[in-house]
Amino acid sequence: MIYLNGKFMPIEEAYVPVLDRGFIFGDGVYEVIPVYSRKPFRLKEHLARLQHSLNGIRLNNPHTNEQWHTLIGQIIAGNAADDQYLYLHITRGVAKRDHAFPAGVSPTVFMMSNPLLVPPQELLLTGVPAITASDNRWGRCDIKAISLLPNVLLRQLAIDAGAMETILVRDGFLTEGAASNIFIVKNNVLLTPPKSHLMLPGITYDVVLELAQAHAIPHEVREIAEGELRTADEVLLTSSTREVMPIVSLDGKAIGDGKPGAMFKQLNQLYQQYKASTMRAGNSAVLSE
Ligand code: PDD
């Protein structure tokens, strides 16, 4: 069951007019929210980031947070899996093709949910390969925009190379992955770049930094030069759907000893514990109990 503009329906019945500005211009924003045991993870933070993205494209939020909570609760209830991958998408609506904002147009609001498939245990034990590429995206990567063509092309480079992710470097510094945030480990210190217009402020990135803080894991948020990335002891990626994953090679060259390292193991364990605690106890994300 999906949601489109005020109605719930099977996905086969959902259509959007060809003049939707999402279709014509990629003029919209989105969110991906993991749902564990039917509870949306960090919903408050995801809705805050959605608001940030909407502000970034100067589009009014079509719903209050209370309305979002209700709609999200309904979509979760309407889908079978306990663990879901919730996708929320808002475009500037349907209008005659013209770059300038149309007047008096309602946004298109779409939500769908699919079963959430977290990375298989095997990949966490072996680690995954990544490649690097030059970050050729625009200057507002903090907006979770649906116009993802550069990310699509960059991610495909990884797939073509048999790798899991493309790690992006801009002007000699690490930004993020094509669809993830990146951490490195150097001399037992966890390092990640600061939030800026050049990367998406990841919700999982925040969780990992909070866990590092809470468990006295040495960490530093600062610019990371490409050379430091290439000579890191460990490299990790984070995202809502891939959680925390160990990257064990870059452009075909082993990172450290080519195996998932101690920092990954500790952070992954803490992340899984944290996730389990939010499922048991509920958190700000709990809808109605
Ligand atoms: N992508 N950076 C980019 C460019 C991303 O697309 C994502 C996530 C992240 C990680 O953010 P978070 O931890 O909030 O998921 C960082 C989602 C999962 C997607 O587009 O499917």
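**Group meeting: cavity, sheet and pocket**

Okay, let's start with the strands around the largest cavity: β13, residues 234–239, and β14, residues 243–250, each give at least two residues to its lining. Keep in mind that this is a predicted model.

How big is that cavity? Its volume is about 40 Å³. And if you count cavities of 30 Å³ or more, you get one. Going round the lining, you have Asp 233, Glu 234, Val 235 and Leu 236, then Pro 246, Ile 247 and Val 248, and also Ile 255, Lys 259, Pro 260 and Gly 261. Sorted by class, that lining has seven nonpolar residues, three charged and one polar.

Right, let's step back to the whole chain. It's split into domain 1, residues 2–115, and domain 2, residues 121–281. Taken over C-alpha atoms, the centres of domain 1 and domain 2 are 26 Å apart. As for how they meet, 25 residues on the domain 1 side are in contact with 24 on the domain 2 side.

Now the six-stranded sheet. It's an open one with antiparallel pairing, and if you read across it the order goes β2-β1-β6-β5-β3-β4. So which strands stand at the edges? Those are β2, residues 7–9, and β4, residues 39–40; each has a single partner strand, so one side of each has no neighbour in the sheet. Looking at β4 a bit more, β3, residues 28–36, runs antiparallel to it and is joined to it by two bridges. There, Tyr 36 sits opposite Lys 39 of β4.

Helices pack on this sheet too. Helix α2, residues 43–56, touches β3, β4 and β5, with β5 being residues 84–91, and the direction of α2 makes about 175° with that of β3. Then there's helix α3, residues 65–77, also packed on the sheet: α3 touches β1, β2, β3, β4, β5 and β6, and its direction makes about 135° with that of β5.

Last stop, the largest pocket. Its volume is about 900 Å³. There are 41 residues lining this pocket, and the ones closest to its centre are Tyr 30, Lys 144, Leu 148, Asn 151 and Ala 178. Which domains does the lining draw on? Domain 1 and domain 2 each provide at least three residues.

In terms of elements, β3, α2, β5, α5, β9, α6 and β13 each bring at least two residues to the pocket lining. The largest share comes from α5, with four residues. By class, the pocket lining breaks down into 18 nonpolar, 14 polar and nine charged residues.

And one link back to where we began: β13 supplies at least two residues to the lining of the largest cavity, and at least two to the lining of the largest pocket. That's what I've got, thanks.

Note on methods: Residues numbered from 1 in each chain as written. Predicted model: local features only at pLDDT ≥ 70, side-chain atom pairs only at ≥ 80, totals over all residues. Heavy atoms only, no water. 1 Å grid on protein atoms, 1.4 Å probe; cavity = no way out; pocket = protein on both sides within 12 Å on 5 of 7 lines; lining within 4 Å. Points joined across faces, edges and corners; volume = space filled by probe spheres on them. Nonpolar A, V, L, I, M, F, W, Y, C, P; charged D, E, K, R; others polar. Pairing = 2+ DSSP bridges. Contact = heavy atoms within 4.5 Å. Axes fitted to C-alpha atoms, helices over the stretch in contact; angles between N-to-C directions. Domains from an automatic or database assignment.
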